[in-house]
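Here are my notes on the chain, set out as numbered points. Please read them with the coordinates open.

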Amino acid sequence: AVVSTQSTGEALSDTQAEAVYFMTDGKPETSCKAVLDRVNKLQTSLKIHTIHQANEDGEAMKFLKKLSKRTGGRYHCPVGGCEGSAVSHHLLTTDLNLLSQQEDKSSTVIPSYKGDDLKLLSAEIRRAKKFLVHSQEFRE
């Protein structure tokens with residue numbers, strides 16, 4: 001989808017919608033400021049979630065993050081290639097006890113994610129690992 005003042009207005013005026021998802025590969029055809037101003041003027045309670053298909057574009061990423069944050073939505077982007085997907089899969093499917101006991105700590109390094117959900121998830125995993133290590137130390 002092309003994020004524009006028109007598409008934003010149309011999406012946010014849908015009275016039956018519970019949320020809006022914009023899937024895009026970049027910045028809007030109009031100015032970013034115009035789209036953000038349009039969202040402010042509409043004063044809607046709908047959340048706009050953005051899915052950024054080409055996360056190499058830093059300016060587009062900033063705009064889409066702002067758009068999501070301004071409406072209480074979330075920003076999503078693909079995980080960096082096969083390696084990022086493999087790390088994510090490993091973190092989500094491996095027992096936390098095993099992760100904390102592995103001698104090769106580099107295999108459990110959590111990458112820095114750009115998308116909101118994976119950032120939150122990785123922060124939770126880091127926090128859980130820390131608490132697990134502290135509880136194991138306490139038991140010894």
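1. Is T50 buried or exposed, and what is its relative accessible area? T50 is buried, with a relative accessible area of 0%. The residue lies in strand β2. Bear in mind throughout that this is a predicted model.

2. What surrounds T50? Leaving aside residues up to four places away in sequence, T50 touches F22, L64, L67, S68, R74, Y75 and H76. With L64 there is also a polar link: the T50 side chain reaches the backbone oxygen of L64 at 3.3 Å.

3. H52 is found in strand β2 too, which covers residues 47-52. H52 counts as buried because its relative accessibility is 0%, under the 20% limit. Its side chain makes a polar contact at 2.9 Å with the side chain of Y75. Beyond four places in sequence, the residues that H52 touches include T24, D25 and G26. Among the others are D57, A60, M61 and L64, and also Y75, H76, C77 and P78. Two of these neighbours, T24 and C77, come up again below.

4. T24 lies in strand β1, residues 19-24. T24 is buried at a relative accessible area of 5%. Its C-alpha atom is 9.4 Å from that of A60, although T24 and A60 are 36 residues apart along the chain. Both T24 and A60 are on the contact list of H52.

5. On the overall fold: the chain has six helices and three strands. Along the sequence they run α-β-α-β-α-β-α-α-α. Of the contacts in the chain with a separation of 6 or more, 69% join residues 24 or more positions apart.

6. On burial and surface: the chain has 140 residues, and 33% of them are buried. The exposed area is about 9000 Å². Carbon and sulfur atoms supply 52% of that area.

7. Helix α6 deserves a check on its length. Its 24 residues should span 34 Å at 1.5 Å a residue. The end C-alpha atoms are 35 Å apart, so expectation and model agree. The buried residues of α6 are S122, I125, K129, L132 and Q136.

8. How many salt bridges does the structure hold? There are three. In α6, which covers residues 116-139, E124 and R127 sit three residues apart, about one turn of the helix. Their side chains meet in a salt bridge, N to O, at 2.7 Å. E124 is partly exposed at 46% relative accessibility. R127 is also partly exposed, at 40%.

9. A second salt bridge joins the side chains of K33 and D37, at 2.8 Å from N to O. Both residues lie in helix α2, residues 32-42. They are four residues apart, about one turn of the helix. K33 has a relative accessibility of 56%, so K33 counts as exposed. D37 is partly exposed, with a relative accessible area of 30%.

10. K62 and E59 form another salt bridge, with the closest N and O atoms 3.7 Å apart. Why does this pair still count? The cut-off is 4 Å, so a 3.7 Å separation qualifies. K62 and E59 are three residues apart in helix α3, residues 58-71, so about one helical turn separates them. K62 is exposed at 51% relative accessibility. That value is over the 50% limit, which means K62 does not fall into the partly exposed class. E59 is partly exposed, with a relative accessible area of 45%.

11. How many disulfides does a search of the whole structure find? The search finds zero. For the record, C77 counts as buried at 14% relative accessibility. C32 is partly exposed, at 24%. The 20% limit for buried lies between these two values, so the two cysteines fall into separate classes. C77 is also one of the residues that H52 touches.

Definitions and conventions
Residues numbered from 1 in each chain as written. Predicted model: local features only at pLDDT ≥ 70, side-chain atom pairs only at ≥ 80, totals over all residues. Heavy atoms only, no water. Disulfide = S-S within 2.5 Å. Buried < 20%, exposed > 50% of the residue type's maximum accessible area, 1.4 Å probe, protein only. Helix = DSSP H or I, 4+ residues; strand = E, 2+ residues; numbered from the N terminus. Polar contact = N/O pair within 3.5 Å; in protein donor to acceptor, adjacent residues only side chain to side chain. Contact = heavy atoms within 4.5 Å. Areas by Shrake-Rupley, 256 points an atom, 1.4 Å probe, with all protein chains shown as cover. Expected span 1.5 Å × (residues − 1).
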